[in-house]
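Visitor: I'd like a close look at one part of this model, please. Could you start with a pair of strands and work outwards from there, taking in the charged side chains on the way?

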Amino acid sequence: MLAYLGLREAAVERAMLAETVWPDVDRARGLANLRSSLWRLPTPARAAVRGQGSRICLDERVNCDVRTLTRYGSEERRVGFVDLMALGWRDELLPGWYDDWVEFERQRLAVWRAGVLERLSTVCCAAGLHGEAILYAATALEIDPLREGAHRALLRAQVAQGNLVEAVDHYRYVERLFANELGVAPSDKTRAVVQT
Amino acid sequence: MRYEIGVIGTWSLRRSPGQVVAVRQQVARVVACLALNAGSQRRSLIANNIWPEVSDQRASANLRSALWHGRAQAPGLLDADESDVWLDDVVVDLDRAVEVARTLLAGDGAAHVPAVLFHDLLPSWHEEWLELPRFVHHHLRLQAIEQAIEARLDSHSVESALVLARQLAGREPLRESTHRLLARCQLAAGLYEDASRTCEGFVHRVRDVVGAAPSPLLDRLWSEIR
């Protein structure tokens, strides 16, 4: 329950929270579960949860590691690759939790992270930081291996670095991967990167 | 009891301190796959990853058998309940390599570059689930070593830069950025003929092996040398 609140920036309806975290029970039972979990929280943690009528949220002084992550990503602050990794950018959300809502949030966070990493790669490549661009793109691909934009960002950085043989090798790998997984060829835009 | 898992270069499993433990190939695959996935994974997921070509039922039977042999051959290494499989108390060489690479990339280019950075993840294993982690680590370690060479050149530790560049160029014969770095190290050391030979050798090799031309960056460097 606290995990779900940590992922939400704004307050959520009690009923919705109960339904998300306990989807298998009826509404009344869910709300009862919510009440009893709130009541069973140890005292310091109880102070972290704020009620606003029918809505509930975390106290503004409480931070969640995911919030730190999203803040770094949305501000597009210039953080180095290593600092970003130290914040846990490769780590999955709540590994070992298999509730539906966790799977959904995990997927959402993964897609968002891959997008930010791809943009960082493009920005670094344009700034002449080719090595860093490659690392960002590779990390985006680790999260989402079929993301064509990230493959393209990687190829562009490899070409800019002068590593043409490696770029062609990687393009062949993308061709194989796309044929096996999606049954399609990479787009013309991607092919154009290695044909120049 | 603590185990040391080696997934860089060749597979190894040691019971601390240093005693080699032999396990079946199927056990090694499960252990390596877990080591690359933060030490724990869902049963169904790891079974399908490692045995993608067989039915789900067959894959989970294979996993059960691997766990059984694992417990017999390396007690205290693998543990499982009905939904997950995990590694108990282990040290993985990859974690150490990633840490060193990040230190080098974070700007401490003068830091020692250990031999572990010169090898890929289990290069002789042909498993689909290894491709992505291998690819990511490959880029991480090469960028880290090249940055270490650059840093040594900048701080005029030419000898040390040259040693690293030679070592990396020998392992990556078709990587141009490494050869440009090597030529720059040779120039800095006053070895003009060697620098010229490095460029010429690379151009010929790329033409003979893949029929490609070098990038304009190498052309420019080579003409400067001449």
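Guide: Sure, and keep in mind that this is a predicted model. Let's start with strand β1 of chain B, residues 3-6, which pairs with β7(B) in the parallel sense over 3 bridges. For one concrete contact in that pairing, take Tyr3(B), whose bridge partner in β7(B) is Val90(B). Helix α4(B) packs on the sheet here, where it touches both β1 and β7 of chain B. The direction of α4(B) makes about 45 degrees with that of β7(B).

Zoom out a little and you get the whole sheet: 4 strands of chain B in the order β3-β2-β1-β7, open, with mixed pairing. The edges are taken by β3 (19-20) and β7 (90-92) of chain B; each has a single partner strand, so one side of each is left without a neighbour in the sheet.

Another strand of chain B is worth a stop for its charge. Strand β6 of chain B covers residues 84-87, and Asp84(B) lies in it. Asp84(B) is buried yet has no salt bridge. The nearest side chain of opposite charge belongs to Arg42(B), 5.2 Å away, and the salt-bridge cut-off is 4 Å, so that pair doesn't qualify. What Asp84(B) does have is a polar contact of 2.7 Å between its side chain and that of Ser83(B).

Now for charges that do find a partner. In chain B, the side chains of Arg141(B) and Asp120(B) meet in a salt bridge, at 3.1 Å from N to O. Arg141(B) sits in helix α5 (residues 128-154) of chain B, while Asp120(B) is in the loop between α4 (93-105) and α5, so the pair ties together parts that are 21 residues apart in sequence. Both ends are out of the way of solvent by the accessibility numbers: Arg141(B) is buried with a relative accessible area of 2%, and Asp120(B) is buried with 19%.

Helix α5 of chain B has another such link. A salt bridge of 2.8 Å, N to O, brings together the side chains of Glu146(B) and Arg175(B). Glu146(B) is in helix α5 of chain B and Arg175(B) in the loop between α6 (158-171) and α7 (176-188), so to speak distant parts of the chain, 29 residues apart. Glu146(B) and Arg175(B) are buried too. The story reaches into chain A here: salt bridges that share partners join Glu166(A), Glu146(B) and Arg175(B) into one network.

That takes us over to chain A, which has 11 helices and 3 strands. Along the sequence the pattern reads α-β-α-α-α-β-β-α-α-α-α-α-α-α. Of the 196 residues in chain A, 45% are buried. Among contacts in chain A between residues at least 6 apart in sequence, 55% join residues at least 24 apart.

Chain A also has a salt bridge within one helix, between the side chains of Arg191(A) and Asp188(A), at 3.4 Å from N to O. Arg191(A) and Asp188(A) are 3 residues apart in helix α11 (residues 188-195) of chain A, which means they are separated by about one helical turn. Here Arg191(A) is partly exposed, with a relative accessible area of 30%, and Asp188(A) counts as exposed at 56%. If you're keeping a tally, the count over all chains comes to 11 salt bridges.

Technical notes: Residues numbered from 1 in each chain as written. Chains lettered and ligands numbered in written order. Predicted model: local features only at pLDDT ≥ 70, side-chain atom pairs only at ≥ 80, totals over all residues. Heavy atoms only, no water. Helix = DSSP H or I, 4+ residues; strand = E, 2+ residues; numbered from the N terminus. Buried < 20%, exposed > 50% of the residue type's maximum accessible area, 1.4 Å probe, protein only. Pairing = 2+ DSSP bridges. Contact = heavy atoms within 4.5 Å. Axes fitted to C-alpha atoms, helices over the stretch in contact; angles between N-to-C directions. Lys, Arg positive; Asp, Glu negative; His and termini not counted. Polar contact = N/O pair within 3.5 Å; in protein donor to acceptor, adjacent residues only side chain to side chain.
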